[in-house]
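Here is a short set of exercises to work through with the structure open beside you. Each one gives a task and then a step-by-step solution.

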Amino acid sequence: SGSGKMEFVQSELESEKFVYKMEDFNADTSNFKLKGSDAASLAFSTDNVNAHINFKERWGEFKSNGQGSFVDFPENQYICYIDQFKWFMDQEDIQITAGTDAKSMEMGGSKFISVHPAQDSLQFVSPSAHFSLKDYTIAAEDVKKIDVADAEIYPDGGDVMVLKHARMQPLESAKIMANRTTRYHNFYDATIDITSRKSYKGKATYDYVDVAGQKRAIKFDPLTVDSAFQSYGRGEVKEEENFTLSPNFKYKGTVELYASKPNLRYTGSTRIVHNCEGIGSSWLKFDAEIDPKEIFIPIEKNPRDAAGKAVSTGIALQKDSTRIYPTFLSPKINTGDIDIIAAEGYLFYDNITKEYRISNKEKLKGATVPGNFISLSENCIASGQGKLDLGLNLGQVQLTPAVSYTHLRAHETKANLVCRLL
């Protein structure tokens, strides 16, 4: 037996009591330090461990003497609260494993914590990890998740690699859930660079699910964390992708995601799906959050298409004739033609009547309230009701006409007109 400090194989073991045998020795309580393969810097150190060194088989086993025991990885700027580890001298490798006691099983493994000042104690739990003394890498296995900002990040296969200076190797094919409270959004096929406990950045795929249960993939790049520490993603949907918000609405443009909100924000253009002769099909420009289960597209007073050109909603009067014709988010025949009835508010598709409708939201939901209303059925019947604008200036005479109309495929328009003269 003996006490003091022993140096061997680029290591240092200190104890008040060593018990020696022919080919091995033990220490109930010891402090252990180990240098890397270059012998230039301290790679691994821990205090208050039970040590067993076997020189014949060239390994050392160490077990924690208390729950507060941890190892220090100075080059990696990480610490790890340990249960036990095994040092393989010739392989220059340390295997860290979790204990089998109830506390260790509850934790799920050893906790690795970054002590880098810019990483806000970034941490994860691993039941098994290897530390290489050759290149100073921590290779953690079976990591279930890493909490970063408001998200849970799930490494593919549970593998996490920590390099020198607390640099975590970017995760490939990872999954992400955000946020941890609402759990609204899930991403997959993610490439993510975790830079601190409050920050990550990368790209990922997200499935938009429409009212019919159909999935449409959106690529979010970037996917990152905003100034409020919430996950934020931005994606671009191109026209050639044939993306649809539902079977009735096509979409192209920008998509934004905020983890605290259940619905995505769309800044782009939508196009309704119809084959109605004489009624064009323009891309309608809009900016709104959309609920996929109940789609309401905002319609401004003077709606525009994707190129910024005016589109019409209702019945137009050809300026140089008495011809009237229907429009439905489509351009007028001539830019000078007069909108004699138009609707604004929201665009909605009614699955029961199989028609597109435009009006204020209350009216679209069945309330009896004022407001113009127009519709376009799957049989290409355009109809509507509301105040009529004849474009007339009658001086002090106030004319308030109201009309209900139906326009059939055969270019026939039927109308009922009521006027109030003051």
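**Exercise 1. Find the residue of β24 that is the bridge partner of lysine 252, and describe how the strands around it pair.**

Solution. Start with lysine 252: its bridge partner in β24 is serine 269. Keep in mind that you are looking at a predicted model.

Next, widen the view to the two strands. β23 covers residues 249–258 and runs antiparallel to β24, with eight bridges joining them. A hairpin of five residues leads from β23 to β24.

Then look at the pairing of β24 with β25. These two strands are also antiparallel, and seven bridges hold the pairing. Here arginine 265 stands opposite glutamate 289 of β25.

**Exercise 2. Determine where asparagine 248 lies and which residues it contacts.**

Solution. First, place the residue: asparagine 248 sits in the loop between β22 (244–246) and β23. Second, check its accessibility. The cut-off for buried is under 20% relative accessible area, and asparagine 248 has 16%, so it counts as buried. Third, list the contacts, leaving aside neighbours within four places in sequence: Arg271, Ile272, Val273, Tyr349, Asn351 and Tyr356.

**Exercise 3. Search the whole structure for disulfides and characterise what you find.**

Solution. The search gives one disulfide. Its partners are cysteine 276 and cysteine 380, with sulfur atoms 2.2 Å apart. Cysteine 276 belongs to the loop between β24 (264–272) and β25 (284–290), while cysteine 380 belongs to the loop between β32 (373–377) and β33 (382–387), so the bond ties together parts 104 residues apart in sequence.

For the handedness, take the torsion about the S-S bond: it is about -90°, so the disulfide is left-handed. Finally, compare accessibilities. Cysteine 276 is buried at 6%, and cysteine 380 is buried with a value of 6%. Cysteine 80 is buried too, at 0% relative accessibility.

**Exercise 4. Work out which strands the salt bridge of lysine 86 and glutamate 61 ties together, and how accessible its two residues are.**

Solution. Begin with the principle: side chains of opposite charge can pair when their charged atoms come close. For lysine 86 and glutamate 61, the N to O distance is 3.8 Å. Lysine 86 is in β8 (residues 84–88) and glutamate 61 in β5 (residues 59–64), so the pair ties together parts 25 residues apart in sequence. Lysine 86 is partly exposed at 23%, and glutamate 61 is partly exposed at 33%.

**Exercise 5. Examine the salt bridges of arginine 183 and of aspartate 350.**

Solution. The structure holds 14 salt bridges. One of them joins arginine 183 to glutamate 152, at 3.6 Å from N to O. Arginine 183 lies in the loop between β17 (171–178) and β18 (185–196), and glutamate 152 in β15 (residues 151–154), 31 residues apart. Arginine 183 is partly exposed at 43%, whereas glutamate 152 is buried at 9%.

Now turn to aspartate 350, whose side chain meets that of arginine 357 at 3.4 Å, N to O. Aspartate 350 is buried at 13%, and arginine 357 is buried at 17%. To finish, follow the shared partners: Asp350, Glu355 and Arg357 form one network of salt bridges.

Key. Residues are numbered from 1 along each chain as its sequence is written. This is a predicted model: local features need pLDDT of at least 70, side-chain atom pairs count only at pLDDT 80 or more; totals for chains, interfaces and linings use all residues. Side-chain values use heavy atoms; hydrogens and water are left out. A disulfide is a pair of cysteine sulfur atoms within 2.5 Å. Helices (H or I, at least four residues) and strands (E, at least two) are DSSP runs, numbered from the N terminus. Buried means under 20% relative accessible area, exposed over 50%, partly exposed in between (1.4 Å probe, protein chains only). Two strands pair if DSSP finds at least two bridges between them. Contact means heavy atoms within 4.5 Å. A salt bridge is a side-chain nitrogen of Lys or Arg within 4 Å of a carboxyl oxygen of Asp or Glu.
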